Amino acid sequence: MKRGYQVMVSIAVLILLGLISCKEKVQVHSIQPPISPEAARLVRQVTSGLISPGAEIMVQFFHPFDEQAPDIKILAFSPTIKGKIIHEDSRTLIFRHENTLPYRKSFSARLDLDLLFPNEEEKPGVFNFIFETKGREVSSFEGDFYLEQQGNPDIVVYRGNISFSEPALPGSTAIISSS
């Protein structure tokens, strides 16, 4: 009897883990769009690759940019991300999004270098880059089975901890019960 309950609880836990991690898989874009020579002379570093959903998007430049450029037209995202541009200094732009970005999502960004560097002889044009947000993956799973009442194999309880690669919602707890 006890073995049957352990198997049922194990199956229930595995189903829960499967449901947590079953989301639409994002196609990974490992190749950044081509960079023009004009843009390469201006852009020093940009957020790219796989990032945390709470991470800021940053662009650094080799030379100071025109801080009078209208923020609303400098940087655009697809899909759209609401937030604001911060001029950290004359060579660094930071985009702070209003809400945490969704897990496992690809984004493309479009940076208008013509607005930031209006005095360049050769117009640098638009700089495109892509990034993706990480998913929440199970990083560790540990626990054990216990009898709810000593000597009574009718009710077996599983107690354990599941850790995720990205933080779970504050105060969230999952309780799984099987009898």
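Two strands count as paired if DSSP finds at least two bridges between them. Helices (H or I, at least four residues) and strands (E, at least two) are themselves DSSP runs, numbered from the N terminus. The structure on your screen is a predicted model, in which local features need pLDDT of at least 70 and side-chain atom pairs count only at pLDDT 80 or more, while totals for chains, interfaces and linings use all residues. Residues are numbered from 1 along each chain as its sequence is written, and side-chain values use heavy atoms, with hydrogens and water left out.

**The whole chain**

Begin with the protein chain in a cartoon view, where you can look for 4 helices and 10 strands. Followed from the N terminus, the elements run α-α-β-β-β-α-β-β-β-β-α-β-β-β. Of the 179 residues, 27% count as buried, a word that here means under 20% relative accessible area, with exposed meaning over 50% and partly exposed in between (1.4 Å probe, protein chains only).

**The antiparallel sheet**

Now select strands 1, 3, 6 and 5, which in that order form an open sheet of 4 strands with antiparallel pairing. Strand 1 (43–46) and strand 5 (83–89) stand at the edges, and because each has a single partner strand, one side of each is left without a neighbour in the sheet. Neighbouring strands here are turned by 20° against each other on average, direction ignored; for such angles, axes are lines fitted to C-alpha atoms, for helices over the stretch in contact, and angles run from 0 to 180 degrees between N-to-C directions. Zoom in on strands 1 and 3, which run antiparallel and are joined by 3 bridges, and find Val46, which stands opposite Val59 in strand 3.

**The mixed sheet**

Next select strands 2, 8, 7 and 4, an open sheet of 4 strands in that order, this time with mixed pairing. Its edges are strand 2 (49–51) and strand 4 (75–78), each with a single partner strand, so one side of each has no neighbour in the sheet. On average, neighbouring strands of this sheet are turned by 35° against each other, direction ignored. Strand 4 pairs with strand 7 (residues 106–112) in the antiparallel sense over 4 bridges, and Leu75 is placed opposite Leu111 of strand 7.

**The nonpolar core**

Leu75 and Leu111 appear again when you show side chains, since both are among the residues with the most contacts inside the largest nonpolar core, which has 26 residues. Such a core is a set of buried Ala, Val, Leu, Ile, Met, Phe, Trp, Tyr and Cys residues joined through side-chain atoms within 4.5 Å. The elements that give two or more residues to this core include strand 3 (57–61), strand 6 (92–97), helix 4 (113–116) and strand 8 (126–133). Select Phe131, also among the residues with the most contacts in this core; leaving aside neighbours within four places in sequence, Phe131 is in contact (heavy atoms within 4.5 Å) with residues including Thr47, Ile57, Phe77, Leu101 and Phe107.

**Aromatic rings**

Show the rings of Phe, Tyr and Trp (its six-membered ring), which pair if their centres lie within 6.5 Å; planes under 30 degrees apart count as stacked, over 60 as edge-to-face and the rest as tilted. The count comes to 7 aromatic pairs. In one of them, Phe61 and Phe65 have ring centres 5.5 Å apart and planes at 65°, so the pair is edge-to-face. Phe61 is buried at 2% relative accessibility, and Phe65 is buried at 7%. Ring pairs also link Phe77, Phe95, Phe107, Phe127, Phe129 and Phe131 into a cluster.

**A salt bridge**

Which residue forms a salt bridge with Glu56? Select Arg96, whose closest approach to Glu56, between N and O atoms, is 2.4 Å; a salt bridge is a side-chain nitrogen of Lys or Arg within 4 Å of a carboxyl oxygen of Asp or Glu. Glu56 lies in the loop between strand 2 and strand 3 and Arg96 in strand 6, so the pair ties together parts that are 40 residues apart in sequence.

**Two backbone details**

Most residues other than glycine have a negative phi, and most peptide bonds are trans. Select Ser78 and Pro79, where the peptide bond is cis, with omega near -10°; Pro79 is in the loop between strand 4 and strand 5. Finish at Arg104, which has a positive phi of about 50° although it is not a glycine, and which lies in the loop between strand 6 and strand 7.
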